[in-house]
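Please examine the structure below and follow the explanation from the overall form of one chain to the residues that lie in its interior and that of its partner.

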Amino acid sequence: MATEPVIEQTGLQGPAAWEEQAEREQVHGLGPWRLGLRRLRRNKVALAFGFLFVLLVAACLAAPLWADHVAKTGPDTNHLSDTIQVDGETKNVVELDGVPIGPQYFKADGRFFLGADRNGRDIMVRLLYGGRNSLLIGVSAALITTILSIVLGLLAGYFRGGADIVIRALLDIIWSFPVIILGVALGVALALGGLSIGPITIEGDSLLITIGIIGLVYTPYMSRPIRGQVLALREKEFVESARAQGAGPVRIMFTEVLPNLASTLLVFFTLLIANAVLLEAALSFLGAGVRPPTPSWGTMIDEGVDRIATAPHLTIVPGLMLVLTVLSLNVFGDGVRDALDPRAKVRIEH
Amino acid sequence: MGKLSRRTLALFLAVLCMAVVAACGDDDDDGGGGGGGGGGEAKTGGSITISQTSQPDFLDPALMYTVNAIEPSWLVYTPLLTYPRTGTDRDSELIPGLAEEMPTISQDALTYELTLRKGMKYSDGSPVKASDFEHSIKRVLNMESGGSAFFLGIEGAQDYVDAGKPEGDISGIETNDQSGKITINLTEPDGSFSHVLSMWFAAPVPSDTPFRNMTETPPPGVGPYMFTESVPNRQFVMEKNPNFPDLGEDIPPGNVDKITTLIIKNAQRQAQDVISGELDYMQDPPPADIKPEVKAEYSDRYEEVTTASTYYIFMNQRVPPFDKPEVREAVNYGIDKPALARLFAGELAPGCSFLPPGVPGFDEAMDIEECPWGNPNEPPDLERARQMIEEAGEAGTQLTVYGNNDDPTDKVTAAIADQLNKMGFEAEPKILDGGVYFQTIGSAKERAQIGFANWFQDFPHPKNFMFLVDGASIQPTLNQNFGNVDDPEITKGIAELNQEPELTDEVAERWRELNVQLVEEAHIVPYGHRKLATFLSERMDFENCRRFHPVYNNDYSSWCLK
C-alpha cells in the first residue's frame with residue numbers, strides 16, 4: 001500500500017518545509033557500508049554474538065597471562081609426578097594408576113582450574129592455547145579460501161570460455177568429495193611426509209598443513225558463487241562503460257567488479273571462519289588435523305573421549321568453546337549479511 | 001541463521017547430549033572380594049563368548065603376527081616344538097610338540113633332526129605327514145609373511161624365495177613321510193633356531209593348503225581347538241578338536257567346548273559387557289577410564305601380569321648429541337620412570353633391564369635395586385642430569401623426540417620431550433602415524449635423534465631382544481637397531497652366543513652380562529616392562545581355571561565355567 005510522506009507541521013509549506021525536514025533528519029544519502037552498519041547496529045542479537053566472539057578471541061589471546069600468573073605452567077608442561085596443595089591438602093596431579101586430578105577451580109589458587117589431562121598438563125591452559133590454534137587455523141584457512149576464490153571466481157566469471165571450463169572442472173573435482181573425506185585423505189597423506197614444493201618444505205606436523213588443507217577444500221564453496229556474481233556484474237553498464245574507456249581486464253576486475261563483491265566476500269569470510277574452525281576440530285578429532293601434543297579444541301576433544309564416563313568435562317568444555325565460537329560467528333555472519341544485502345543468499349552448504 | 005549453522009548447532013547439541021548421557025550411564029554391578037590363585041578342579045564343557053577390539057591380522061599360521069591372532073591361534077596350531085602349558089615356571093622352556101623329542105643338533109650347529117610323533121591327525125581327520133612341515137615353511141616364505149626372516153637361515157630358503165615358485169623345493173629341508181623324519185640344514189649357526197621351530201609359522205598344515213591367505217577358512221591344525229567359523233571383522237569361533245592327540249600332560253586339551261570371539265570396537269562396551277556377564281573375557285585391558293572401578297570392585301576376577309617386553313628410549317649414536325656417552329648417561333639419570341609408568345595407567349612395571357622378566361639373562365637385581373641409574377621406582381636424579389648436560393656443552397641443544405599416535409605412545413613421547421626439556425635440552429615431540437612409525441625411524445635418511453621404542457618377545461630367547469642392539473644388524477632401511485648401537489664388545493658377544501645351539505645356564509649367564517653391559521654403558525634407556533590385564537566374567541572360574549602363559553599370554557584352554 002502506498003503511503004504518503006508524513007511531514008511534521010512546522011508552519012512552513014512546500015519545498016521549504018521539505019528542506020527543513022531533511023536537514024532535521026540529517027538524511028544525506030548514506031553509502032552502502034554506512035547503511036549496512038546502521039542496520040547491523042539495530043540487530044541486537046547479531047551484535048551480542050559478535051561481542052561473544054570478541055570475548056572468546058580475547059580470552060584465547062590472554063592465554064599466556066593465565067598460564068604465567070594464574071596456572072603457573074605452560075600448555076605442554078607435564079606434571080606427572082608433581083603434587084599440589086588443595087585446601088591445605090597435598091594431592092597428586094596424576095595418581096599412580098594414571099587418573100589425573102579433576103577440576104579444582106580456585107581451590108588451588110587457579111592451578112588446574114579444569115583439572116589435568118593424562119600427562120598432568122593443565123587443561124585450562126591448554127584450552128586457551130588450543131583456542132588460539134583453532135582460531136588461527138580458522139582465520140588463516142578462511143583467508144586462503146577467500147583469496148583463492150577471488151582469483152578463480154574473477155578469472156572464470158570474467159573471461160568465461162576456456163578459463164571458465166578449466167577452473168570449473170578443477171572446482172568440480174574438489175567439490176565431488178565430501179569436505180571431511182577429502183580433508184582426512186589429504187591430512188593423513190601430508191602428515192606422513194609433509195609437503196615439499198621446490199625449496200619450500202613443510203613438516204607433516206606443521207599447522208600450515210592443516211591450514212592449507214582447510215583453505216583448499218572450501219575453495220569451491222566460495223568461488224562458484226563468486227563466479228556467478230562476476231558473470232552478472234561483467235554485463236553491467238558500469239563495466240561496459242569502463243571497457244569503452246579502454247580499461248583492461250585486470251583493471252576492470254579489480255576496480256569495477258571486485259568492489260561490488262565486497263559485501264558478499266565479507267559475509268562469506270565470517271561464515272568460512274566458523275566452518276574452518278569446525279573442520280579443524282573434526283580433522284584433529286580424526287587424527288588428520290593438528291598433531292598432538294599441540295593443543296587445539298579438536299585434539300582436546302579427542303583426548304577427552306577416553307575418559308568421557310568419569311571426566312566428561314574434558315570433552316564438553318572444548319566442545320562448548322567450539323559451539324560458542326561457531327554459533328557466534330554464524331549468527332554474526334548472518335547479521336552482517338542481512339545488513340549489507342538482505343536479498344543475498346550467502347550459504348556454505350556441503 | 002544459515003542452513004549450515006542450524007545443522008551444525010543441532011549436531012553439536014546432539015554430540016553434547018550423547019556425551020552427557022554417556023557420562024551419566026550407571027553401573028550398578030557389584031563385585032566381590034578376594035584374590036586369584038588356582039589349583040582346584042576344572043569343570044569341562046560349556047561355551048563362552050569373548051571379545052577383541054580389532055580383527056586379527058590373519059587367521060592363517062603362515063601370515064599371522066599380532067597378539068589378536070596368536071593368542072587364540074596357538075591353541076589351534078601346535079608346532080614341532082612348543083612350550084608347556086602348566087602354569088609353572090617351566091612354561092617358557094622348550095618341549096617337543098608334534099616332534100617325538102627335542103631336535104638332535106649336529107656338532108657344527110648347522111643340522112637339526114626331528115621325528116614326528118606317530119599317528120597324529122589334523123582336526124579335519126587327515127594324517128599329519130613330515131612333508132607338511134616343508135609345505136608350511138614354503139607358505140611362510142612364498143606369501144611374504146612377516147615371519148619369513150626367521151627361516152631365511154635355512155639352506156636354500158633364499159633361493160626358493162628368489163625363484164618365486166610355490167611348488168619349488170627348499171634344499172635345506174628333507175622330510176620322510178614314512179619315518180616321519182625331518183632334517184633341517186642351516187647356512188650358519190642360529191642359537192635361537194629351536195625357538196624359531198616353536199613359532200606358529202612352523203606349525204604343520206596339510207600339504208594341499210593353498211598358497212594364499214586362508215583367514216576366512218583357516219586350515220586345520222593339531223591343537224586342542226580348531227577354527228569352525230571365521231567372519232572377518234565380526235567373529236570367529238573355536239571348538240574343541242575331536243582329533244587332538246595325547247601329547248602328554250604338559251600339552252593338555254581345553255576345558256570349554258566352544259569359544260566365540262566377537263570383534264567389538266568399543267572398549268567401554270566390552271568392559272561393561274564383562275562386568276554384566278554378556279562377555280566372558282576382553283582381550284584388551286579395560287579402558288583407563290573405568291579401570292580403577294574394575295580393580296576396586298572386581299578384583300576377584302581381575303589380574304595384571306608383567307609380560308616379557310621392554311619399553312625403552314633409543315638414542316641415535318650416529319646423530320649429535322647422542323654420539324657422546326656422557327649425554328646418554330645424563331639422559332639415563334634424568335628420565336623419570338615412575339612418571340612414564342603413570343601414563344600406562346598402572347600397566348607398566350618400571351625397570352632398568354633391557355632383557356625383560358621371563359627371558360633368560362634377565363637380571364632382577366639390576367632391573368630395580370641395582371640399576372646403575374637409580375631405582376626406577378624412585379624420582380630421577382634430575383640435577384645430576386642437568387649438570388652433566390651442561391658440562392657436555394649440550395644445554396639448549398634442540399632435539400626431536402619421535403613417537404607415534406598409538407595410545408599411550410603419543411603421551412609417552414610428549415612426556416619424554418618434557419623431561420628432556422627439564423634436563424636442559426630444547427626438545428619437541430614429533431608424532432608420526434603408527435602404521436609408518438617404525439619404518440620411518442628405521443630409515444638412515446630420517447636420522448631420528450631420540451624416541452620411543454618397545455619390543456615384545458617372539459620367543460623367550462635373549463637373541464630375540466639383543467638383535468635390537470646388535471651392531472651387525474644395522475641396515476640403511478627397515479633398521480630395527482634404531483639407536484645404531486654399535487658397541488664392538490656387545491656385537492662380538494652376540495655373535496659368539498648366537499653360535500650356541502642350546503641355552504644352558506652358562507650361556508644365559510653370558511647373555512646376562514651382555515645385558516648389564518648394555519645398560520651400564522647407557523646405549524639405550526629401558527624404562528619398564530608392560531603388564532597385561534586379565535578380566536573375566538562372573539561365571540568363569542577365575543580361582544581354579546586360569547593360566548597366563550609367559551610366551552602366548554592368556555591360555556584359553558585353561559579356562560572353565562564355574
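Two residues are in contact if their C-beta atoms, placed from the backbone, lie within 7 Å. With this in mind, one may consider helix 8 of chain A in this predicted model. The buried residues of this helix, which covers residues 207–217, are A:Ile209, A:Thr210, A:Ile211, A:Ile213, A:Ile214, A:Gly215 and A:Val217. Their cover includes several helices of chain A, namely helix 5 (123–159), helix 6 (161–175), helix 7 (179–193) and helix 11 (249–285). Strand 3 (195–197) and strand 4 (200–202) of chain A also belong to this cover.

A:Ile214 appears again in the largest nonpolar core, which has 144 residues. Together with A:Met124, A:Ala276, A:Val277, B:Tyr312, B:Ile313 and B:Ile524, A:Ile214 touches the most other members of that core. Helix 11 of chain A supplies the largest share, 16 residues. Another core lies apart from this one; it has 79 residues, among them B:Val140, B:Ile275, B:Val294 and B:Cys545.

B:Tyr312 merits a further look. Neighbours within four places in sequence aside, B:Tyr312 is in contact with B:Phe354, B:Ala453, B:Asn454, B:Ile524, B:Val525, B:Pro526 and B:Tyr527.

Chain B as a whole contains 16 helices and 20 strands. Its C-alpha trace spans about 70 × 60 × 55 Å along the principal axes. The radius of gyration of chain B is 25 Å, which agrees with a compact globule, because such a globule of 562 residues would have a value near 24 Å. Of these 562 residues, 51% count as buried. Among contacts in chain B between residues at least 6 apart in sequence, 71% join residues at least 24 apart.

Definitions and conventions:
Residues numbered from 1 in each chain as written. Chains lettered and ligands numbered in written order. Predicted model: local features only at pLDDT ≥ 70, side-chain atom pairs only at ≥ 80, totals over all residues. Helix = DSSP H or I, 4+ residues; strand = E, 2+ residues; numbered from the N terminus. Rg over C-alpha atoms; globule rule 2.2 N^0.38 Å. Buried ≥ 20, exposed ≤ 12 C-beta atoms within 10 Å, placed from the backbone. Core = buried A, V, L, I, M, F, W, Y, C linked by C-beta atoms within 7 Å.
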